[in-house]
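Biologist: Let us go through this model by question and answer. Keep the replies short, please.

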Amino acid sequence: MKKYFGICTAILLASANAYAADEPLSPGFNPFSTLIAEEKENCPETPGVQILCAPLLDQTSGLLSQTVTPGQALDSLKMSARTSISNTDFPNDKTKRSAANSALTPSLPLSLEFKDIDRENSASVIGLEYNIDYTIEPPQPLQGLNYNLNFKSEGTITKTAAENPRNFIDSKLEFSGYRHSMFGSLTDDEGETLQALATEAASGNESARITALDLIAKTLAPLNGYYFISYGVEAGIESDQEFNFTNKKLGGYLFGKYDFWNRRTLLGRLGVTTGLRLGVQNIDPSDETPRAIAGDNSDYMRASAEAALAVPLGSMGEHPLVFVANYRAYREISASNTVKSANLDRYLLRTFALQGPYGMYVSFSSGRQPFDLTSEDTVEIGLKWYPWSP
Amino acid sequence: MSWNSNNRAHACLWLFEVWYCRQEDTPFSEAGSWKTEFLIRLGGGASGDFATNSAQAHATMVDQAMSKIFRAKYEASKTTSTSISAMTAVLADSSKTMADLGEIVDEQFRFGNEL
């Protein structure tokens with residue numbers, strides 16, 4: 001960088017010396033244009049220098065065509081260099097091509113970027129934004145068991161902690177996984193035959209459709225149903241750079257679903273599907289929630305339970321219809337008296353819906369969600385329609 | 001590619017879904033516009049988290065149907081994990097249809113008549 005600042009200065013001084021040292025540079029006189037063009041082409045790949053080199057040489061070229069004194073020209077060059085350095089492109093380029101970045105990036109899922117951060121009622125500051133997102137998971141699920149461990153951390157660092165308007169650290173460690181029933185397997189040849197039958201059936205071949213559906217039913221007959229269980233826990237922390245405001249995050253859930261397939265049983269004949277989800281979550285409320293309006297804006301832990309049941313009802317006209325019942329309950333753990341007396345610590349919501357395949361539905365809801373102040377019964381009759389052409 | 005009966009990914013998905021939904025008589029052309037909310041069954045009136053979990057459950061089922069029953073192979077660089085997460089994303093989006101899910105199945109799996 002010093003080399004290019006020197007070249008620019010030398011060009012300007014040489015240009016000035018061609019005349020009188022105290023005289024303004026002559027407009028239009030630019031005997032160094034070829035040299036400037038050559039130097040610009042050779043702007044090196046060294047991190048950061050390339051970003052300074054071209055603007056400095058452009059500035060020099062511009063100055064040679066203006067009426068300025070050598071002193072003004074040097075001041076202008078310094079200003080140009082200062083502007084380029086204060087621009088976030090300069091440190092970003094330097095970071096991106098640094099040896100440290102080359103060494104870290106292949107082994108760590110880390111990204112670093114300088115950002116110009118706007119602040120309310122204050123001058124903007126330059127901050128270094130970092131992001132780490134690392135996941136460990138098995139390459140293939142083992143007998144229907146899958147899991148992954150994810151660590152995510154992001155934040156912004158500024159030179160002075162008090163100047164940082166953003167989170168210094170926002171980190172989360174999450175473990176989740178699932179397991180499910182395992183299907184029986186056909187051979188490659190049988191599978192290939194079934195694929196061909198499916199294509200013929202899709203084109204309207206009735207006997208191919210019957211044969212293919214029969215093969216699927218026989219393959220899955222050993223299963224009385226299909227279960228799916230998933231779970232997840234997460235723990236995290238966020239803080240400003242001065243560690244004056246820290247917020248811990250904690251949560252977890254367990255979900256289970258079961259499809260009854262065995263048509264020798266009543267539930268299987270009906271084709272019932274059931275599901276249950278239990279969760280606990282740390283909530284950081286905004287100022288506009290009913291709870292905050294009632295006078296308690298602190299963060300809190302909330303437990304939730306949700307259960308659902310779906311039963312196919314056959315067809316209405318040519319359209320299949322499914323009855324879905326959903327029941328949700330939320331409860332704040334260790335709620336304050338303010339929250340309890342405002343009746344904002346428990347919520348229940350029941351929804352019964354008739355669901356069609358094209359979005360047509362009729363639903364009845366009773367109760368309230370955590371964002372509602374009062375309970376109410378709602379009947380919705382609607383048609384959701386999304387344009388689609390085969 | 002739009003919903004096409006000559007596409008094995010689409011045809012196999014249709015066959016499995018009509019079997020699962022007990023709507024075996026539904027023609028291929030009609031099933032393409034079935035909403036994903038209808039396929040995952042428990043989506044109506046559910047919270048976002050519950051719908052996403054239900055979508056993942058259905059995705060594991062479709063993934064097994066394609067790989068074990070229809071014996072489709074994963075495309076290069078695709079795995080069980082990529083297949084399930086891509087299908088979960090579509091199934092959890094209530095504006096999507098079976099045709100959209102068919103596109104994902106086609107992207108993730110290679111069927112017998114494909115090179």
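Biologist: In which strand of chain A is the place of Arg328(A)?
Modeller: This is a predicted model. The strand that holds Arg328(A) covers residues 319–333 of chain A. Its label is E9.

Biologist: Does Arg328(A) count as buried or exposed, and which side chain makes a polar contact with its side chain?
Modeller: The relative accessibility of Arg328(A) is 7%. Buried means under 20%, so Arg328(A) counts as buried. Its side chain has a polar contact at 3.3 Å, and the partner is the side chain of Tyr330(A).

Biologist: Which residues of chain B does Arg328(A) touch?
Modeller: On chain A, Arg328(A) touches several residues, including Tyr347(A) and Gln369(A). On chain B, Arg328(A) touches Gly45(B), Ala46(B) and Ser47(B).

Biologist: How many salt bridges are there between chain A and chain B?
Modeller: Contact involves 75 residues of chain A and 59 residues of chain B. About 5700 Å² is buried between the two chains, 58% of it on carbon and sulfur atoms. Arg263(A) and Glu24(B) form a salt bridge at 3.9 Å, N to O. The count of salt bridges between chain A and chain B is five.

Biologist: What kind of aromatic pair do Trp34(B) and Phe38(B) make?
Modeller: The whole structure has 18 aromatic pairs over all chains. In this one, the ring centres of Trp34(B) and Phe38(B) are 5.2 Å apart and the planes are at 75°. Over 60 degrees counts as edge-to-face, so the pair of Trp34(B) and Phe38(B) is edge-to-face.

Biologist: Which charged end sits over the ring of Phe38(B)?
Modeller: Phe38(B) is buried, as is Trp34(B). The charged end lies 5.0 Å from the centre of the Phe38(B) ring, and it belongs to Arg41(B).

Notes:
Residues are numbered from 1 along each chain as its sequence is written. Chains are lettered from A and ligands numbered from 1 in the order in which they are written. This is a predicted model: local features need pLDDT of at least 70, side-chain atom pairs count only at pLDDT 80 or more; totals for chains, interfaces and linings use all residues. Side-chain values use heavy atoms; hydrogens and water are left out. Rings of Phe, Tyr and Trp (its six-membered ring) pair if their centres lie within 6.5 Å; planes under 30 degrees apart count as stacked, over 60 as edge-to-face and the rest as tilted. Buried means under 20% relative accessible area, exposed over 50%, partly exposed in between (1.4 Å probe, protein chains only). A charge sits over a ring if NZ of Lys or CZ of Arg is within 6 Å of the ring centre and within 35 degrees of the ring normal. Helices (H or I, at least four residues) and strands (E, at least two) are DSSP runs, numbered from the N terminus. A polar contact is a pair of N or O atoms within 3.5 Å; within protein, one must be able to donate a hydrogen and the other to accept it, and residues adjacent in sequence count only if both atoms are side-chain atoms. Contact means heavy atoms within 4.5 Å. Buried area is the accessible area (1.4 Å probe) that two parts lose on being put together, summed over both. A salt bridge is a side-chain nitrogen of Lys or Arg within 4 Å of a carboxyl oxygen of Asp or Glu. Lists of a residue's contacts leave out its neighbours within four places in sequence.
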